[in-house]
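Here are my notes on the model you sent over. Have it open while you read, and go point by point.

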Amino acid sequence: MGRNIGGQITNAINNNFKEKMDKKAFKEANGKEMPAKVFSYEEKFRLKKMGKSIQKFLREKGINIKQVKDIKAEHIQRYLQEAKERGCTQQSINTYGNSLFKIEQLINKTYGIEVKWRENIVVPKTERKTSTNRGAKSVMKREDYDKILSYAEENISQSGQALSMQNWLGVRVEELVRISKKNIDLDNRTILFKNTKGGKELTREIPWKEINFVKSVIEENYDKNKLFSIAGGTVNKYLGRVEDNLNIEKHSNHDIRRLIAQEKYDSYKENGHSPKEALKKTSEWLSHGEKREKMLEESYIKL
C-alpha cells in the first residue's frame with residue numbers, strides 16, 4: 001500500500017478506472033449490482049477529492065491511521081455526522097455517503113481487504129429549517145442580514161468577519177473559510193478561489209470600501225496560510241446563535257448566498273439585461289456550470 005490514506009485511495013481509484021468504459025453495458029454484462037469500477041472522469045475526480053477529505057479529517061481529529069484497512073465505520077459515521085452539523089444539505093450528505101461506499105468497494109477489491117462501512121453506519125438526515133420554504137423561497141431577508149452584519153461589526157469574531165465578507169463574495173461557506181492569503185491581491189483588489197465546486201477557479205473583486213476591512217482581517221493573522229482558521233460548520237453554528245440572539249428566522253449561509261444571487265440578478269435587470277441574460281450572468285457569477293439557468297430559477301432566483 002501507499003504511504004498515506006489519500007495515496008492508497010487514489011491508487012485504488014486509478015486501478016479501477018478505464019477511459020470510455022460503458023457503465024450501462026458493463027452492468028448488463030455483469031449484473032445490476034453496482035460494480036467496483038470508476039466509469040467517468042467526473043466520478044474519478046469526485047472520489048479522489050473525497051479521499052483527500054477523509055485523510056484531512058482523520059489528521060485533524062488526531063486519528064493516527066496509516067492504512068485504509070484500519071479506517072473504521074465509526075470514523076466514517078463521525079465524518080458524515082460532522083457534515084450534517086456544518087449545515088450541509090441532505091443531497092450533499094448523500095453524495096458523500098455514496099462516494100465513501102464506492103471507495104469501500106474499490107479498496108476492498110484493490111487490496112484484498114474487507115472493510116465494512118456501509119453495513120455499519122447510518123447516513124444522517126438533516127433537520128428541517130425553521131423556515132419551511134425551499135429553493136428560491138428559502139432566502140434570508142436583507143433586513144435580517146443587515147442586523148447580523150451590524151452585530152458582527154460590534155462583536156468581532158472570525159465567523160462574523162467571514163459573514164461580513166460574504167455580503168460581497170456570495171460564495172459557498174467552505175470556499176469562504178478556505179480563502180488563501182497568497183490569493184488575495186490588494187493592489188488589484190481581487191481574491192482568487194481555487195478548486196471551487198467542480199474544480200473550477202473563481203475570481204472576486206474586492207470593493208474599494210472593503211479594502212481596509214480585508215487588510216484588518218489579514219493583520220489578525222488567524223492562520224499561517226489561510227485568512228481564517230475556522231471551518232464552515234463554525235460559521236453556520238455562529239449564524240444560528242446570532243439569529244437566536246436577534247430573534248430572527250433561522251437560515252444557513254447558503255440562504256445568504258441566495259440573497260446575494262437575487263440581488264445580483266435584480267441588478268443585472270436594472271442595468272438593461274433581459275431576464276434570460278440576467279439569469280445567465282448570475283449563474284456565471286455564482287460559478288455554476290454551463291446551462292444551469294433552470295436550476296438557478298428553481299433554487300435561487302425569484303423572477
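**Notes on the model**

1. Starting with a helix α3 residue: Lys 56 has 36% relative accessibility, so Lys 56 counts as partly exposed. For these labels, buried means under 20% relative accessible area, exposed means over 50%, and partly exposed is in between (1.4 Å probe, protein chains only). Lys 56 shares a salt bridge with Glu 60, at 3.9 Å from N to O. A salt bridge here is a side-chain nitrogen of Lys or Arg within 4 Å of a carboxyl oxygen of Asp or Glu. Both residues sit in helix α3, 4 residues apart, or about one turn of the helix. Glu 60 counts as exposed because its relative accessibility is 55%.

2. A word on what you're looking at. This is a predicted model, in which local features need pLDDT of at least 70 and side-chain atom pairs count only at pLDDT 80 or more, while totals for chains, interfaces and linings use all residues. Residues are numbered from 1 along each chain as its sequence is written, and side-chain values use heavy atoms, with hydrogens and water left out.

3. The overall picture: the protein chain has 13 helices and 3 strands. Helices (H or I, at least four residues) and strands (E, at least two) are DSSP runs, numbered from the N terminus. The chain has 303 residues, of which 44% count as buried. Take the contacts between residues at least 6 apart in sequence: 63% of them join residues at least 24 apart. Contact means heavy atoms within 4.5 Å.

4. How do α1 and α3 pack? Helix α1 (residues 5-15) and helix α3 (residues 41-60) meet at an angle of about 160°, and their axes are 8 Å apart. The axes are lines fitted to C-alpha atoms, for helices over the stretch in contact, and angles run from 0 to 180 degrees between N-to-C directions. The two are therefore roughly antiparallel to each other; the cut-offs are under 35 degrees for roughly parallel, over 145 for roughly antiparallel, 65 to 115 for roughly perpendicular, and oblique for the rest.

5. Which residues make that contact? On the α1 side they are Ile 5, Gly 6, Ile 9, Thr 10, Ile 13 and Asn 14, and on the α3 side Lys 44, Leu 47, Lys 48, Gly 51, Gln 55 and Leu 58. Sorted by class, the α1 and α3 contact has 5 nonpolar, 5 polar and 2 charged residues. In this sorting, Ala, Val, Leu, Ile, Met, Phe, Trp, Tyr, Cys and Pro count as nonpolar, Asp, Glu, Lys and Arg as charged, and the others, Gly among them, as polar.

6. Back to salt bridges: the count comes to 13. One of them pairs Arg 86 with Glu 174, with the closest N and O atoms 3.2 Å apart. Arg 86 lies in the loop between α4 (73-85) and α5 (90-111) and Glu 174 in helix α8 (residues 173-177), so this pair ties together parts that are 88 residues apart in sequence. Glu 174 is partly exposed, at 26% relative accessibility.

7. Look next at Glu 175, which forms a salt bridge with Arg 172, the closest N and O atoms being 2.9 Å apart. Glu 175 counts as buried at 5% relative accessibility, and Arg 172 counts as buried at 16%. Elsewhere, Lys 61, Arg 78 and Glu 82 are linked in a network of salt bridges.

8. Is Ile 71 buried or exposed? Ile 71 lies in the loop between α3 and α4, and with 3% relative accessibility it counts as buried. Leaving out residues up to four places away in sequence, Ile 71 touches Ile 5, Ile 54, Leu 58, Ile 65, Ile 76, Val 115 and Trp 117. Its C-alpha is 9.5 Å from that of Lys 116, a residue 45 away in sequence.

9. Val 38 is in the loop between α2 (23-30) and α3. Val 38 is buried, with a relative accessible area of 0%. Its C-alpha and that of Asn 16 are separated by 5.8 Å, though the two are 22 residues apart along the chain.

10. Finally, two backbone angles to check. Most residues other than glycine have a negative phi. Asn 221, in the loop between α9 (211-220) and α10 (232-246), has a positive phi of about 50°. Asn 247 has a positive phi of about 55° and is in the loop between α10 and α11 (253-270). Asn 247 is exposed, with a relative accessible area of 70%.
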